[in-house]
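Here are some short exercises to work through with the model open beside you. Try each task yourself before you read its solution.

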Amino acid sequence: MPTEQPTGRERPLIDPTRVEAAVTGLGDRENVQEWADRFSVIADPSRLTLLVCIHYAKEICVSDLAVAADMTDTAVSQALRLLRAHGLVTAQRRGRVVYYRLADETMHELIHRVRPH
């Protein structure tokens, strides 16, 4: 089963079944782009440090997170804003204190790969 290249030329396939499996596994390219954006956000050592700290703390407030990560409260707040915007962390206010936690199980799994128990 030949496939079309962007130029309009057909390319012969060596193993169409594997090509089909690869395309099916790839799924929605928007999802791939979303994960590429997430990976670019966590590629920063400071942001990754925050995610690892949050993972092990389960939930933590900005000032405590700043101490744990050896960062300023301002730097932590700015990083958390970006992490929230990309859906990597969530926040919950309790009185005057906001606690942060990882947004989903996928981030927990990734952190276990970065920093196994």
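**Exercise 1. Find Glu-109 and decide whether Glu-109 is buried, partly exposed or exposed.**

Solution. Keep in mind that you are looking at a predicted model.
- Step 1: locate the residue. Glu-109 sits in helix α6.
- Step 2: check its accessibility. The relative accessibility of Glu-109 is 48%.
- Step 3: compare with the cut-offs. Buried means under 20% and exposed means over 50%, so Glu-109, at 48%, counts as partly exposed.
- Step 4: look across the fold. His-55 is 54 residues away from Glu-109 in sequence, yet their C-alpha atoms are 9.8 Å apart in space.

**Exercise 2. Work out which pattern of helices and strands the protein follows along its sequence.**

Solution.
- Step 1: count the elements. The protein has six helices and five strands.
- Step 2: read them in order. The pattern is β-β-α-α-α-β-α-α-β-β-α.
- Step 3: ask how the chain folds back on itself. Among contacts with a separation of 6 or more, 49% are between residues 24 or more positions apart.
- Step 4: add burial. Of the 117 residues, 26% are buried.

**Exercise 3. Describe helix α2, and explain why its buried residues lie on the same side.**

Solution.
- Step 1: take the length. Helix α2 covers residues 29–42, 14 residues in total, and spans 20 Å from first C-alpha to last, close to the 20 Å expected.
- Step 2: look at the start. Asp-28 caps the N-terminal end, with a side-chain oxygen 3.1 Å from the backbone nitrogen of Glu-30.
- Step 3: pick out the buried residues. In α2 these are Arg-38, Val-41 and Ile-42. They cover an arc of only 90° around the axis, which places them on the same side of α2.
- Step 4: recall the general rule. An α-helix has 3.6 residues a turn, so residues three or four places apart point the same way.
- Step 5: see what covers them. The cover includes α3, α5 and α6.

**Exercise 4. Decide whether Arg-38 is buried or exposed, and find which residues Arg-38 touches.**

Solution.
- Step 1: place the residue. Arg-38 belongs to helix α2.
- Step 2: apply the cut-off. Its relative accessible area is 9%, so Arg-38 is buried.
- Step 3: list the neighbours. Leaving out residues up to four places away in sequence, Arg-38 touches His-86, Gly-87, Leu-88 and Asp-104.
- Step 4: look for a polar partner. A polar side-chain atom of Arg-38 lies 3.1 Å from the backbone oxygen of Gly-87.

**Exercise 5. Find which residues touch the most other members of the largest nonpolar core.**

Solution.
- Step 1: identify them. In this core of 24 residues, Leu-51 and Leu-80 touch the most other members.
- Step 2: ask which elements contribute. At least two residues each come from α2, α3, α4, α5, β5 and α6, and α3 gives the most, with five.
- Step 3: follow Leu-51. Beyond its neighbours within four places in sequence, its contacts include Ile-42, Leu-83, Val-89 and Met-107.

**Exercise 6. Give the order of the strands in the open sheet.**

Solution.
- Step 1: read the order. The three strands run β3-β5-β4, with antiparallel pairing.
- Step 2: name the edges. β3 and β4 each pair on one side only.
- Step 3: inspect one pair. Six bridges join β4 to β5, and Arg-93 stands opposite Val-98 in β5.

Methods:
Residues are numbered from 1 along each chain as its sequence is written. This is a predicted model: local features need pLDDT of at least 70, side-chain atom pairs count only at pLDDT 80 or more; totals for chains, interfaces and linings use all residues. Side-chain values use heavy atoms; hydrogens and water are left out. Helices (H or I, at least four residues) and strands (E, at least two) are DSSP runs, numbered from the N terminus. The expected span of a helix is 1.5 Å times one less than its number of residues. Buried means under 20% relative accessible area, exposed over 50%, partly exposed in between (1.4 Å probe, protein chains only). The arc is that of the directions from the helix axis to the C-beta atoms. Contact means heavy atoms within 4.5 Å. A polar contact is a pair of N or O atoms within 3.5 Å; within protein, one must be able to donate a hydrogen and the other to accept it, and residues adjacent in sequence count only if both atoms are side-chain atoms. A nonpolar core is a set of buried Ala, Val, Leu, Ile, Met, Phe, Trp, Tyr and Cys residues joined through side-chain atoms within 4.5 Å. Two strands pair if DSSP finds at least two bridges between them.
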